[in-house]
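Please find below my notes on the model, set out as numbered points. They begin with one helix pair and widen from there to the chain as a whole.

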Amino acid sequence: MFERVLAPIKAELQEAQNILAKTYQIRAGHLGRFTRLIPGSFHDFIRPALVLLSARIFAPLNSQAVALAAVIQFIYLAARIHRNVRECPVPGDPKDGYQFPVLVGDYFYSRFFTCLCDHGVVKYLNPLSRIICEMSKGGILRVQSGDGLQNADLLKQIVFKETAILFGGGCRLAGDLAGASEREQKALDRLGTSFGMAVGLSEYAQETNGYLGEALVALAGLPPGESRDTLEQLIRLFQKQNAGLAVQVG
């Protein structure tokens with residue numbers, strides 16, 4: 001059903017996926033040999049899709065917008081792989097150990113920088129680096145908290161840093177790339193952050209409707225058109241499918 005909603009940007013989503021796919025094959029072999037890439041989930045497309053739709057509200061999509069969509073996914077993949085590394089490696093499959101997943105995560109972080117350079121959008125290195133720092137702080141806070149994730153306020157703080165900030169930053173930078181005003185960029189940031197909070201909280205089976213409502217309010221402040229309509233459909237579909245139960249967590 002998500003595929004049907006995202007039909008207007010199908011070609012550009014595929015282009016972003018092609019950028020990612022080219023990096024999976026290195027001289028030592030496919031990266032899937034060394035870590036769990038978690039293919040085929042909702043998280044394969046949601047971040048790139050939001051970036052592309054945010055940019056498309058203001059201008060036709062180009063190679064730089066596609067590259068930015070891929071960069072946001074590189075950052076997500078790197079962070080997710082690092083997050084899945086266990087504190088104590090177990091004997092057996094090296095995918096569950098330390099070095100391979102950490103090295104692959106680091107490789108994805110390096111690829112995001114290369115992609116920015118290759119497509120002439122290196123100006124976003126600073127804000128993206130700041131986002132990565134906040135994501136790392138969230139990861140540290142999560143590991144430190146242990147069973148403290150049952151504390152609702154602490155959980156929201158962690159989800160904001162580990163998940164929502166990348167959603168919001170991706171949407172905001174996409175708007176900047178496409179010529180959005182400062183006010184419109186702030187609306188995109190609010191939209192992405194709210195939707196990111198819903199996605200992140202859904203992993204913990206928490207209530208998400210309030211954040212999805214905030215995302216829709218932010219959306220109303222953006223120029224009307226097909227891309228805004230598609231974003232609304234995407235949010236409402238996520239809401240309808242009850243996020244935490246229906247969406248495969250990556």
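1. The crossing of H3 and H10 is left-handed, and in this predicted model it brings together helix H3, which covers residues 46-56, and helix H10, which covers residues 226-240, at an angle of about 150°. The axes of H3 and H10 lie 8 Å apart. Because an angle over 145 degrees counts as roughly antiparallel, H3 is described as roughly antiparallel to H10.

2. As for the residues that form this packing, H3 contributes Ile 46, Leu 50, Leu 53 and Arg 56, while H10 contributes Glu 226, Ser 227, Thr 230, Leu 231 and Leu 234. The list therefore holds charged and polar side chains, Arg 56 and Glu 226 among them, beside leucines from both helices.

3. Within that interface I would look at Ser 227, a residue of helix H10. What does the side chain of Ser 227 make a polar contact with? The partner is the side chain of Arg 56, at 3.0 Å, and Arg 56 is also one of the H3 residues that meet H10. Leaving aside residues up to four places away in sequence, Ser 227 touches Leu 53, Arg 56 and Ile 57. With a relative accessible area of 5%, Ser 227 is buried, because the cut-off for that class is under 20%.

4. A second serine deserves a similar reading, namely Ser 202, which belongs to helix H8, the helix that spans residues 182-202. Is Ser 202 buried or exposed? Its relative accessibility is 4%, so Ser 202 counts as buried. The side chain of Ser 202 reaches a backbone atom, the oxygen of Val 199, at 2.5 Å, whereas the side chain of Ser 227 has its polar contact with another side chain, that of Arg 56.

5. Turning to the chain as a whole, the model contains eleven helices and two strands, and the order along the sequence is α-α-β-β-α-α-α-α-α-α-α-α-α. The two strands thus follow two helices, and helices make up the rest of the pattern.

6. Finally, some totals for the chain may be set beside these local points. The chain has 250 residues, of which 49% count as buried, and Ser 202 and Ser 227 are among the buried ones. The area that the chain exposes is about 11700 Å², with 53% of it supplied by carbon and sulfur atoms. When contacts between residues at least 6 apart in sequence are considered, 72% of them join residues at least 24 apart.

Notes:
Residues are numbered from 1 along each chain as its sequence is written. This is a predicted model: local features need pLDDT of at least 70, side-chain atom pairs count only at pLDDT 80 or more; totals for chains, interfaces and linings use all residues. Side-chain values use heavy atoms; hydrogens and water are left out. Helices (H or I, at least four residues) and strands (E, at least two) are DSSP runs, numbered from the N terminus. Buried means under 20% relative accessible area, exposed over 50%, partly exposed in between (1.4 Å probe, protein chains only). Contact means heavy atoms within 4.5 Å. Accessible areas come from the Shrake-Rupley method with a 1.4 Å probe; for residues, only the protein chains shown count as cover. A polar contact is a pair of N or O atoms within 3.5 Å; within protein, one must be able to donate a hydrogen and the other to accept it, and residues adjacent in sequence count only if both atoms are side-chain atoms. Axes are lines fitted to C-alpha atoms, for helices over the stretch in contact, and angles run from 0 to 180 degrees between N-to-C directions. Angles under 35 degrees count as roughly parallel, over 145 as roughly antiparallel, 65 to 115 as roughly perpendicular and the rest as oblique. A crossing is left-handed if the near helix is turned anticlockwise from the far one by less than a right angle, and right-handed if clockwise.
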